Amino acid sequence: MSNLSRSSSGLVKGRGIYSVRDREGVFVIDPERQIYWRLTGLEADIWDWIALNHPFEEILQFSALYLDLSVEAAKDQVFKVFQKWLSDGILRVEET
Amino acid sequence: MPPADLFAIPVLDKYLFYAPLSRYARVIGADELGHLRQALATEDRDSDPLSAQILAHLQLNAFTPDPLPQGPLTNPFFLGLITTRGCNMGCRYCDFSTTPKTSSAMPVELARAAIDAYLDLLSQNGKQAGEIQFFGGEPFFRNRIVEFAVGYARHSALKKGIELHFEVTTNGLFGTKRSAWIADNLDAVVLSLDGPAEFQNAHRPLIHGAGSFEKVFQNARILSEGNTDLIIRVCVTDKSASQLPEIARWIAGEFIASSVCFEPLTACELSIQHGLLPPDPVTFAAMYLQAEDELAQYGILTITSGTDLNRLQHSFCPVGKDAILVTPEGRLNACYLLEQEWEKEGLDLSFGRINPASACFQIDAENLEAIRCLAATRHPLCAGCFCKYHCAGACHVNHRAARDTSAYDAVCVQTRLITTGKLLKRIQQIDLYQEWISALVQAPITAPSIPNCLL
C-alpha cells in the first residue's frame, strides 16, 4: 500500500474492468470472469473520485467528512476498501 | 376578480382576451370586446351570450399566484452552492468579469455544513424532496466541491428519506471523464452554448482567446447521450438574434436536449468593448417564437425568462421564494449575482450565514422579511401589463430602475411579444399567429406603439 499513501493517481481500474453508474451506485463488471460488484454509498463515490483522478489526500479528506471521522480514522476504512478492490482485481496499481 | 387582471391585446384586427388568473385566453373581435366591456361595466352578465360564457368561465376558474413565503424559513425553494466566483473561460460579454479568474473556492467543510443544515431543515419540516443547484463563476473550475457535495448529499439525504434533485449551471469546459460523471450524477445540466462555432467562439472564447467550441461541443454530446436533462442556454446578441431558428435547428440536430433557453445579452462594459450588443427586442421576440416552432417539432421545450405561461408568480426568480444560495465565504444570499451588483441598486439580498462548526443556518429574520417584501412590491409599470404574473417585473436587480418608470423597455417589449405569441399558439390560433408573426418580421413595431389595452 505504500504507493497508495502518496496519491491515487497510481490506482486504476483492473484490466478489462468497466463500470456503469446510476443514481444509487456503481456496477463494476468483469466481463472475462463474468462477475460484477455493486458499489453504493461511500464506496461508489470513492470509485468515482479515483476515476476523476482526485489525489489520494483529497479522497481521504472527502471520506473523513463523509464518515464524520478524523482523517486518520478514515484512512483505515479507505485502505480496507482499496485492499478489497485490489484483491478482487477490480483495481490495480499502475506501474510507473 | 378585479378588472385590472383582464386584458385585451390587439393582434392585427382582432383582440387576444387574456385573464391570467383564470388561465384563460380567447381571440375575439372588436364588437365582442365592446359587449364584454359593457357586461363588465354594467354587471349585466346575460344580455350577450359570449360575454356570459366568458364571465362564467372566469368565475369558475380562479387561480392565485404561488404565494410568497411568510414566517420562519421552513420550505426553502432550493439550496444553491456558489462553489467559486472564478472561471476558466473568457466570455466577451461576462458581467461577472470583475471577479478575479483565480478567486477562492468554497471550502469542502463549508459545503458539507450547508448540505447538513439544508437536509436538517427539510427533515424538521417533514419534506421528502429537495434540490441542490451549483452555481459559479464556473462550478467545475473548482470541481472538487461539486464532486464531493453530490455524493455526500445523496448519501445523507438517503439516510433521512429525502430525495434530492441536482442541477448545475456550467460552461462545459472540462475533460470527457468529468463530463461522463456529470451525465451520470446530475439530474439536470444547464450548459451555456451559444450555437455553432461561429457564435460560440466569437462570444465565449477561452481565457487566452482560443475557441472553446470543439471542447464544449464534445461535452454537450456526452451530456446529451447521458442520463441527465440537458438544458442548452444560448446568450443572444445583436449578431445572432436573426439566426435563432437556424441555431434551434442545429441544436435539435446535434443534441438530445430537454430544453433550450434563449436569453438576450445584458450589455456590460466588456460586451460593449467587444462590439456585442443586446438584440433588438422585436427581432429577438420574432426569432424566438420561430425557434420555438422549430424545437417543438423535436419535442424540445423553448424557454426565455419571464414567459412561462404555466406559472403564476410574484417574483421573477428565486428572490423572495426562500432559496438559500451559499457563497464561497458562507453568506446566505437570495440571489446568485455578485453582491456589488445589488449594492449599486441599494439592495441587500443577504439574509444570514452558515455556521460551519454547528452546521446551522444563522438566519437574519429581518433581512429575510425585507427580501420577501421586495419580491411582493408592485411596480407602476407592471400594474397594467398582461405579463405581470409571468414576468413579475423581471430581475429585481438589473430591471429595478426600468420598472419604476412609465415606459416599457426592451425587456418588457420582448416579454410582451413572446407572451402574446405563446398565448396564440396555446389556444391553437395558428393562422392568426402566423399572420401576426409575419407582420412582426416584415414591419417591426416600435416599443412605444406596442399596445396594452386593458379591460
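## Strands, cores and salt bridges in a predicted model

E1(B) and strand E2 (residues 14-19) of chain B pair in the antiparallel sense, with five bridges between them. The model is a predicted one.

Reader: Okay, let's stay with that sheet. In what order do the three strands of the open sheet in chain B run?
Author: This is an open sheet, and its pairing is antiparallel. Strand E1 (7-11) and strand E3 (24-28) of chain B each have a single partner strand, so they stand at the edges with one side lacking a neighbour in the sheet. From one strand to the next, the twist averages 25°. The order in chain B is E1-E2-E3.

Reader: Which residue in E2(B) does B:Phe7 stand opposite?
Author: E1(B) pairs with E2(B) in the antiparallel sense. The residue in E2(B) that stands opposite B:Phe7 is B:Tyr18.

Reader: What packs on that sheet, and at what angle to E2(B) does its direction lie?
Author: Helix H2 (residues 49-60) of chain B lies across E2 and E3 of chain B, and runs at about 165° to E3(B). Helix H14 (residues 410-426) of chain B packs on the sheet too, touching E1, E2 and E3 of chain B. The direction of H14 makes an angle with that of E2(B) of about 90°.

Reader: On to the hydrophobics. Which element gives the largest share of the largest nonpolar core?
Author: As a rule, nonpolar side chains in soluble globular proteins tend to be buried together. Here the largest nonpolar core has 140 residues, and those touching the most other members include A:Trp85, B:Phe262 and B:Leu349. The largest share of this core is 11 residues, and they come from H3(B).

Reader: How many residues does the second, separate core have?
Author: B:Leu50, B:Ile54 and B:Leu55 are among its members. B:Ala19 is in there as well, and the size of this second core is 13 residues.

Reader: Now the charges. Why does the salt bridge of A:Glu58 with B:Arg144 join two chains?
Author: The closest N and O atoms of this pair are 2.5 Å apart. Buried means under 20% relative accessible area, so A:Glu58 at 15% counts as buried, while B:Arg144 at 25% is partly exposed. The pair joins two chains because A:Glu58 lies in helix H2 (residues 56-67) of chain A and B:Arg144 in helix H4 (residues 143-160) of chain B.

Reader: And B:Glu294 with B:Arg249: how far apart in sequence are the parts that this pair ties together?
Author: Their closest N and O atoms are 2.6 Å apart. B:Glu294 counts as buried at 17% relative accessibility, whereas B:Arg249 is partly exposed at 37%. B:Glu294 lies in helix H10 (residues 281-296) of chain B and B:Arg249 in helix H8 (residues 244-254) of chain B, so the parts tied together are separated in sequence by 45 residues.

Reader: Are B:Lys425 and B:Glu292 buried or exposed?
Author: Their side chains meet in a salt bridge, 2.5 Å from N to O. The pair links distant parts of the chain, with B:Lys425 in helix H14 and B:Glu292 in helix H10 of chain B, 133 residues apart. Both B:Lys425 and B:Glu292 are buried.

Reader: Last one: what residues does B:Gly90 contact, leaving aside neighbours within four places in sequence?
Author: B:Gly90 is in the loop between strand E4 (79-82) and helix H3 (108-124) of chain B. With those neighbours left aside, the contacts of B:Gly90 are B:Pro205, B:Leu206 and B:Ile207.

Note on methods:
Residues are numbered from 1 along each chain as its sequence is written. Chains are lettered from A and ligands numbered from 1 in the order in which they are written. This is a predicted model: local features need pLDDT of at least 70, side-chain atom pairs count only at pLDDT 80 or more; totals for chains, interfaces and linings use all residues. Side-chain values use heavy atoms; hydrogens and water are left out. Helices (H or I, at least four residues) and strands (E, at least two) are DSSP runs, numbered from the N terminus. Contact means heavy atoms within 4.5 Å. Two strands pair if DSSP finds at least two bridges between them. Axes are lines fitted to C-alpha atoms, for helices over the stretch in contact, and angles run from 0 to 180 degrees between N-to-C directions. A nonpolar core is a set of buried Ala, Val, Leu, Ile, Met, Phe, Trp, Tyr and Cys residues joined through side-chain atoms within 4.5 Å. Buried means under 20% relative accessible area, exposed over 50%, partly exposed in between (1.4 Å probe, protein chains only). A salt bridge is a side-chain nitrogen of Lys or Arg within 4 Å of a carboxyl oxygen of Asp or Glu.
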